[in-house]
Every structure is written in structure tokens, then in C-alpha cells.
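Me: I've got a new model open and I'd like to learn how to read its features one at a time. Can you walk me through it?

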Amino acid sequence: DHAKQLLLSHQGDTGDQILLITGEDSINVEGDFAEIEHRGGEQISINQELVEKKKEDAEQVELLRLIVPKGKRSFVKLSDGSTLWVNSGSRLVYPAEFTGEKREIYLDGEIYGDIASVPGKSFSVHTERMEVVVLGTELNVQAYSSDESDAVVLVTGSVEVKPDNAGAAGARLLTPGKMAVVEEETILVSTVNVEDYTSWKEGHYRFKNEPLANVTKRLSRYYGVDIECSSEAGLLKCSGGIFLQDDLKDVLDGLAISLPITIEKRDNSYYIYTKMN
């Protein structure tokens, strides 16, 4: 449908600024963080300032597309009062106003959502691989199309996770503190420390006993720089926290202090391998 076509569209993806596309208008947002609030009707506030927006055909539900490039983050308050933190390298499609019995948004990337409870109106997050149905809850959805799997971490409330190809029988209900990883038609559910998966919205990553390859993958995605680990280095486990505003080289140097690794810069990328004995 039209929403999925907008999500798959790469218009505006090449820029280095946060971009909000509303119909035929495009709004570029300066800086590393954008706070966007939909106040009903035609009113949109970006970083506490109202912006002018052309009035669309009243009979057609307007869909907006938010593009958050590498190294940026955004906060969106939807028309129903739901709030979304949108992580680096994400694309989000959502309606200016929710109508009908279902509230639906479309995601390629990562969001933390605090979803408002509206009686009789469910809320769904659609990704390339799944649909997440929520009724008043806090959750984190990681669904980058470049990854092999999607993940949902539930903080409060309850959600139903449905892989697109599995049918109704393949849906799973999550309870708080659980993570569901969806790959093709399968769902793997485990117990996690939710803060390890949601701290990014506060501007830092936390991890505990995480393979270095997973940590560098997240850093590579956030900073927009290729970071490659040797097979041995990628298996090293690490714990700690990283402030996202820090310089990437400082972050990598910090990892090198606590792990037996050597970091080599090659042009605009980094290669990490274990130290020789």
C-alpha cells in the first residue's frame, strides 16, 4: 500500500540532516536532534517552533515520512499523544492524524515508543518482517531492513508480535522484560535487561557480556563509519556504556583499554583485531 511504498522510497536518504517530508513539502532540521510535535490539524512544532504546512486534501489521510540519518536522533509526539524516540539511521512513516479503528505506523530502523492507550483503537508498528500490535505500552522495536532479524523488547504493558509470513498461529504475546527476535517465520523469546536495549534514547549505549561484533555494529550504524572486527575479536565479550556524543575514536580507544585488541584506521573505516601474544 501507499505507506509501505513511502517507507521503501529512498528520496532524501542521502542527506546528512534530519528530514520531515509532508506531502510535497520537505523540512530540513539543523543539528543532531529534532523534537517534532503534532498538535492536531495542520499544526506541527519542530524544536519548539511552529512550522507552516500546506493544507492537504481533507478527504485523504496525510502520511508523513521522517528520515533520521547516521549520527542523529529524533523525538516525535504523535497526534494521539503517543511519543516515539527515533534512533540513528531510521525511516518512519506515520499519519498526521489517526483515523479509523487502527493506528498504524511503518518503521525501517529503531524506535522506543510510549504508546497512548485509546479505547477501541489498537496501535500497530509495521516493519519489513513483522507487525507489533500494542495496547498502551512502552517498547523498543529494532527493525533495520539491512539486518537479518527484527527485535522487540517490552518495557511495560503487553504486545503481540506477528511475523508477516507466519499467519495468526505464529503470533506470540510478550510480557515485560522479554525480547522477541523475529527471523523469517520464527520467533525466539528470551528474558533481557531492558535498559541495555533502551538506553540509546538517553544518548548512551549500555551493554553487558555483549560480543564486541554486536557493539561495533551499533557504533558503525550510529556514526555512519565502517567498523570491521576479525572473527576472533568479534567474539570478545565486553560490558560498559558509551556516550553517543563522544568522538568515535575516543570511544574505540576506550574499548582498547579494557579489551586485548588493536584498532587500525584504514581511510574512513576501522579494523579491529586481537593483540598478538
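Reply: Sure. Let's start with how the elements get their names: helices and strands are DSSP runs, numbered from the N terminus. Keep in mind that this is a predicted model. As an example, Asp 267 sits in the loop between β22 (261-266) and β23 (269-274).

Me: What is the phi of Asp 267, and is the residue buried or exposed?
Reply: The general idea comes first. Most residues other than glycine have a negative phi. Here, Asp 267 has a positive phi of about 55° although it is not a glycine. With a relative accessible area of 72%, Asp 267 is exposed.

Me: Where is Gln 48, and what is its phi?
Reply: Gln 48 is in the loop between β4 (44-46) and β5 (49-51). Its phi is near 75°, a positive value in a residue other than glycine. Gln 48 is exposed too, at a relative accessible area of 57%.

Me: Now cysteines. How many disulfides does a search of the whole structure find?
Reply: The idea is to check the distance between sulfurs, and the cut-off for a disulfide is 2.5 Å. The search of the whole structure comes up with zero disulfides. Take Cys 229: the nearest cysteine sulfur belongs to Cys 238 and is 9.0 Å away. Seen from Cys 238, the closest cysteine sulfur is the one in Cys 229, and 9.0 Å is too far for a bond.

Me: Are Cys 229 and Cys 238 buried or exposed?
Reply: Buried means under 20% relative accessible area. Cys 229 counts as buried because its relative accessibility is 19%. Cys 238 counts as buried as well, at 5%.

Me: Next, the aromatic rings. How many aromatic pairs are there?
Reply: You look at the distance between ring centres and the angle between planes; over 60 degrees counts as edge-to-face. The whole structure has five aromatic pairs. One of them is Phe 75 with Trp 85: the centres are 5.0 Å apart and the planes are at 65°, so this pair is edge-to-face. Phe 75 belongs to strand β7 (residues 73-77) and Trp 85 to strand β8 (residues 83-86), so the pair ties together parts that are ten residues apart in sequence. Phe 75 and Trp 85 are both buried.

Me: What about Phe 98 and Phe 123?
Reply: They form an edge-to-face aromatic pair, 5.9 Å centre to centre with 65° between the planes. Phe 98 is in the loop between β9 (90-95) and β10 (102-115), while Phe 123 is in strand β11 (residues 122-126), so this pair ties together parts that are 25 residues apart in sequence. Both Phe 98 and Phe 123 are buried.

Me: Which residues form an aromatic cluster, and where does Lys 201 lie?
Reply: Phe 75, Trp 85 and Tyr 112 make up one aromatic cluster. Lys 201 lies over the face of Tyr 112, 4.7 Å from the ring centre. The charged end of Lys 201 also sits over the ring of Trp 85, at 4.7 Å from its centre.

Me: How do I read a polar residue such as Asp 147? Which residues does it touch?
Reply: Work from place to burial to partners. Asp 147 is in the loop between β13 (137-143) and β14 (150-156), and it counts as buried because its relative accessibility is 10%. Not counting residues up to four places away in sequence, Asp 147 touches Arg 129, Gln 142, Lys 217 and Arg 221. A polar contact of 2.7 Å joins the side chains of Asp 147 and Arg 221.

Me: And the nonpolar core? Which residues have the most contacts inside the largest one?
Reply: Think of a core as buried nonpolar residues joined through side-chain atoms. The largest nonpolar core has 39 residues, and those with the most contacts inside it are Leu 66, Tyr 94 and Ile 105. Strand β10 gives the most to this core, with four residues. Ile 105 has contacts that include Leu 78, Leu 84, Phe 98, Phe 123 and Val 125. There is also a second, separate core of 26 residues, which includes Trp 200, Phe 207, Ile 227 and Leu 244.

Me: Last one: how far apart are Thr 22 and Glu 62 in sequence and in space?
Reply: Compare the two separations. Thr 22 and Glu 62 are 40 residues apart in sequence and 7.7 Å apart in space, C-alpha to C-alpha. Thr 22 is in strand β1 (residues 18-22), and at 0% relative accessibility it counts as buried.

Technical notes:
Residues are numbered from 1 along each chain as its sequence is written. This is a predicted model: local features need pLDDT of at least 70, side-chain atom pairs count only at pLDDT 80 or more; totals for chains, interfaces and linings use all residues. Side-chain values use heavy atoms; hydrogens and water are left out. Buried means under 20% relative accessible area, exposed over 50%, partly exposed in between (1.4 Å probe, protein chains only). Rings of Phe, Tyr and Trp (its six-membered ring) pair if their centres lie within 6.5 Å; planes under 30 degrees apart count as stacked, over 60 as edge-to-face and the rest as tilted. Helices (H or I, at least four residues) and strands (E, at least two) are DSSP runs, numbered from the N terminus. A charge sits over a ring if NZ of Lys or CZ of Arg is within 6 Å of the ring centre and within 35 degrees of the ring normal. A polar contact is a pair of N or O atoms within 3.5 Å; within protein, one must be able to donate a hydrogen and the other to accept it, and residues adjacent in sequence count only if both atoms are side-chain atoms. Contact means heavy atoms within 4.5 Å. A nonpolar core is a set of buried Ala, Val, Leu, Ile, Met, Phe, Trp, Tyr and Cys residues joined through side-chain atoms within 4.5 Å.
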